[in-house]
Each structure stands twice: as C-alpha cells, then as structure tokens.
Amino acid sequence: MDEVDPLLSFKEEFVISDPDVCYLDGNSLGRLPKKTKLAINDFLENEWGTKIVAGWNDWIDEAQTVGNLVGEVALGAKSGQVLVCDTTSVNFYQLCGAALKARPNRKKIITDAANFPTDRYILQGLADRHDLDLVVIDNENNPEIECERITPEILEKYLDENVAFITLEVIQYRSGARNPIKEITDLARKYGALVIWDAAHAIGSVDLQFDQDEVDLAIGCTYKYGNSGPGAPAWLYVSKKIQNELQVPIQGWFAQRDQFAMGPIFEKSQDIRGFQIASPSILGLRCVKTAFEMIGQAGIKNIAAKAGIGTQMGIVLFENWLQPLGFSLNTPRDPNHRGGHLSLVHEDAKEIAVAMREISRVIPDYRAPNSIRVAISPLATSYLEFWDGFKRIQELVASKKYQGISATGTRVT
C-alpha cells in the first residue's frame, strides 16, 4: 500500500524525532512540518526583526489572505469567505451570536449530546443569557442512533419555525462519525434556520465542499490534520450570501469599515473582515500558511482518499485482532459516514491508552468514558505505521501488561 501511495513522500516533510513511535494522534495534534521552522525563522529574521512596525503594511490583511488559502485548498470555498483568526471557541461564540441576532424572534437552538464540550458549554451560556430553549438531541444513549451520527430524519423531529440555528460537528469528535452536511443544511433552510458546522475534526482529512453544499456558517481549528501547531489560529467561514445579514457580538476595530479613521461609531465592514475582532497572530498565521500550502500541494481529494483507505484497513485489523480481545467499534463502517479517525471502545480503555504510550510506544488519545481514538493523518502517517500501531495494541492487550498501570499525573488524555 505504501509503495503505491501518492502521498508517501510527504512523511519526509515532517519532524519525526523517534521513528519507532507510532503516532496515531493526528486528530488531536498534527506533526511539525520542517518548512514551518524555516518559515518562522525567516519571519523573525527578515520581517519582524528588520521591518518592525512598518511590517504591518504587509501583515494587516493576512488573516484574510491565509483564510483564502485555507478555503481554497481545504474547504471548497471561494475567496472572501474564510478568516484565520482567534480560537475555535471564540469564533464559535461569534457566529452563534450573529445567528441569534439574525433570527431575533426565534427562541430555540439545537445541538447534540455528543457534541464537543466547548460548543455545548457556550450554547448553555447563550441559552441562559438570552432565555433560549436549548434542545439537546440524545445521541449517546439512544439505540436508534448509530455511532452518534445525526441524520436529517433524526433532526427533523426537533425542527419548527421557532429554531434560530442548529449546530453540529461535521465529524463527531469521539466516534468519528460523519454527519451529512448538505442534507442537514438544506433541511434547516426549509424551516428558516441557520446551521453552524464545527469542522475541527474534519478539516485536512475530509474533502469539504462548503460552497457546493451551500453551507451558511462554519468554524474549525488548524492544528489537527492541519499540522499548524498547538494553539494555532482557528478559522471561520461565512457564506457571501449571508455576510451582510450578520453582525457578530464582539465588534472589534479590525471589523470597522474605515479601520484607521478611529471613528466614534462602529460601522461594520461589508466583507469578511467584518467578522474579525483584532490584530491576528502573524507567527501563528505563518504556521497555518506553510502547513496548508502542503495540503494544497498534496490535494485534498488525495488526502481524503488515503484517510478512507487507512480507516478501512484499521476496521479490518480491529475485526481480526481487537474485537476478540473485548473491543468494540464506535465508528461507522460506511466510508461515507466517517472521517480520519476510529473510536475503539473497551471497558479498560483509560488504562490501555496509558499503557500504549508507556509500554507499546503508540500514541493515541483517550476520550471519556471508554474510547481510544486512533487516526491516520494522511500526510504524516504511512500505512505501515498505522498497521504497526494496531499490532502493538493487540499484543499489549493480549498480554494483559496494561493491567494495573496508572496515569502519569498529567491531566491531558
């Protein structure tokens, strides 16, 4: 498989300090591209160091130009619809607030119980602050819902003319299930509701086509399959069709129409800059730019194809090696219904995940209450590395060496 993989050479573009480690945590933090080190050093030496404040003439619109790059190579979005700025949580709060203001007489918002915690917590705060009815679809304990996946049939039961917006993940962070973007967006539009998609666990491994699917709003990070580094700037997408309808709650000076007039009254810029709060992290943007140029070079269709092949191989290995050892799979077997990671469920998952790092030199992540997530990050991971990781899990659990192991004291899982 590696011999015919068109993306295999990209693995050499990453810093790999220990080739004996099977790094299967690309859906939490991607590896460091070698070119990123060069790009950051070049910025320090030849831009910030020499230009100082005059450099802002070059940097002022970088959140937009890098946003255009991310939109083009990873989101299927034409220019002028993506900003790379702030954090995923801040961007989520901004777009939720804008959606509420755009639907002022509607008092219901909808999400699911398996949604990422930040999204749920922000929604709880908004619901309390604005006296909203927060509807949470139970996709954790409902036997009729497979792998937490929300379908239009499930969602429509909760829809009416009082819904302001729905927000779901493109890829469920825990299970890896893929929700149907276009079908859900189209359904919500029938009821006059907006949809805010969280694509944090999808971007860089899934062939997203936001313009084609007529997505309204979306947010996500850049440090997972995007390989842009810990805490790298996030991104937001606002369709040009609705940009003039929306006003975000935090009205920062970068969103001001005549930014440097420093006027007394806020007047929103009528382009995507109207959704920006303040000065972007130029260091962070250079990390994003370098990593997403690599994604553009590889091609998102090639990347998504490898994610599909790799996860299918992982399912076969699960069935042959791990299912007999008490594991179950909480990820859809249909390749169109999953992303780039698999969720391996075991009653001793927490201990196994620690032992995988400490004993087997396999790096996954653990998600409560009982899931071990393993990912194939298509640019940085070979099929052999993914295969080896599964083999080591089998050997570890069969030997029972994981039993009695304790966490290392870190709260990061």
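# Reading strands, rings and charges

Me: In which sense do strand 10 (residues 341-345) and strand 13 (residues 371-375) pair, and over how many bridges?

Reply: Strand 10 and strand 13 are antiparallel partners, joined by five bridges. Two strands pair if DSSP finds at least two bridges between them. Strands (E, at least two residues) and helices (H or I, at least four) are DSSP runs, numbered from the N terminus. One bridge to look up: Ser 343 has Arg 373 of strand 13 as its partner. This is a predicted model, so local features need pLDDT of at least 70 and side-chain atom pairs 80 or more, while totals for chains, interfaces and linings use all residues. Numbering starts at 1 along each chain as its sequence is written, and side-chain values use heavy atoms, without hydrogens or water.

Me: In what order do the four strands of that open sheet run?

Reply: The order is 9-10-13-12, with antiparallel pairing. Strand 9 (328-329) and strand 12 (365-367) are the edges. Each has a single partner strand, so one side of each has no neighbour in the sheet.

Me: Which strands does helix 9 (residues 300-322) lie across?

Reply: Helix 9 lies across strand 9 and strand 10, at about 20° to strand 10. Helix 11 (residues 383-399) also packs on the sheet. Helix 11 touches strand 10 and strand 13, and its direction makes about 155° with that of strand 13. Contact means heavy atoms within 4.5 Å. Axes are lines fitted to C-alpha atoms, for helices over the stretch in contact; angles between N-to-C directions run from 0 to 180 degrees.

Me: How many aromatic pairs does the structure hold?

Reply: First, the general idea. A pair of aromatic rings is described by the distance of the centres and the angle of the planes. Here, Phe, Tyr and Trp rings (six-membered for Trp) pair if their centres lie within 6.5 Å; planes under 30 degrees apart are stacked, over 60 edge-to-face, the rest tilted. The structure holds nine such pairs. One of them is Phe 116 with Tyr 173: edge-to-face, 5.1 Å between centres, 80° between planes. The two residues are 57 apart in the chain. Phe 116 is in the loop between strand 3 (108-112) and helix 5 (117-130), Tyr 173 in the loop between strand 5 (163-169) and helix 7 (181-190).

Me: Is Tyr 173 buried or exposed?

Reply: Tyr 173 is buried, at 7% relative accessible area. Phe 116 is partly exposed, at 29%. The cut-offs: buried is under 20% relative accessible area, exposed over 50%, partly exposed in between (1.4 Å probe, protein chains only).

Trp 321 and Trp 387 give another edge-to-face pair, at 5.2 Å and 75°. This pair links helix 9, home of Trp 321, to helix 11, home of Trp 387, across 66 residues. Trp 321 is buried at 15%, and Trp 387 partly exposed at 34%. Elsewhere, ring pairs gather Phe 43, Trp 56 and Trp 59 into a cluster.

Me: The charged end of Lys 391 sits over which ring?

Reply: The ring of Trp 321, 4.7 Å from its centre. The test asks for NZ of Lys or CZ of Arg within 6 Å of the ring centre and within 35 degrees of the ring normal. Lys 306 passes too, over Tyr 383 at 5.2 Å.

Me: How many salt bridges does a search of the whole structure find?

Reply: The search finds 24. A salt bridge puts a side-chain nitrogen of Lys or Arg within 4 Å of a carboxyl oxygen of Asp or Glu. Arg 286 and Glu 62 meet at 2.6 Å, N to O. Arg 286 is in helix 8 (residues 282-298) and Glu 62 in helix 3 (residues 62-75), so the bridge ties parts 224 residues apart in sequence. Both residues are buried.

Compare Glu 319 with Arg 333: their closest N and O atoms are 3.2 Å apart. Glu 319 sits in helix 9 and Arg 333 in the loop between strand 9 and strand 10, so this bridge ties parts 14 residues apart. Glu 319 is partly exposed at 34%; Arg 333 is partly exposed at 39%.

Me: How many of the residues of strand 3 are buried?

Reply: In a regular strand, side chains alternate between the two faces of the sheet. In strand 3, five of the five residues are buried, so the strand is largely enclosed by the rest of the structure. Lys 108, Ile 110 and Asp 112 cover one side, Ile 109 and Thr 111 the other. Strand 3 runs parallel to strand 4 (residues 133-137), joined by five bridges. One of these matches Lys 108 with Asp 133.
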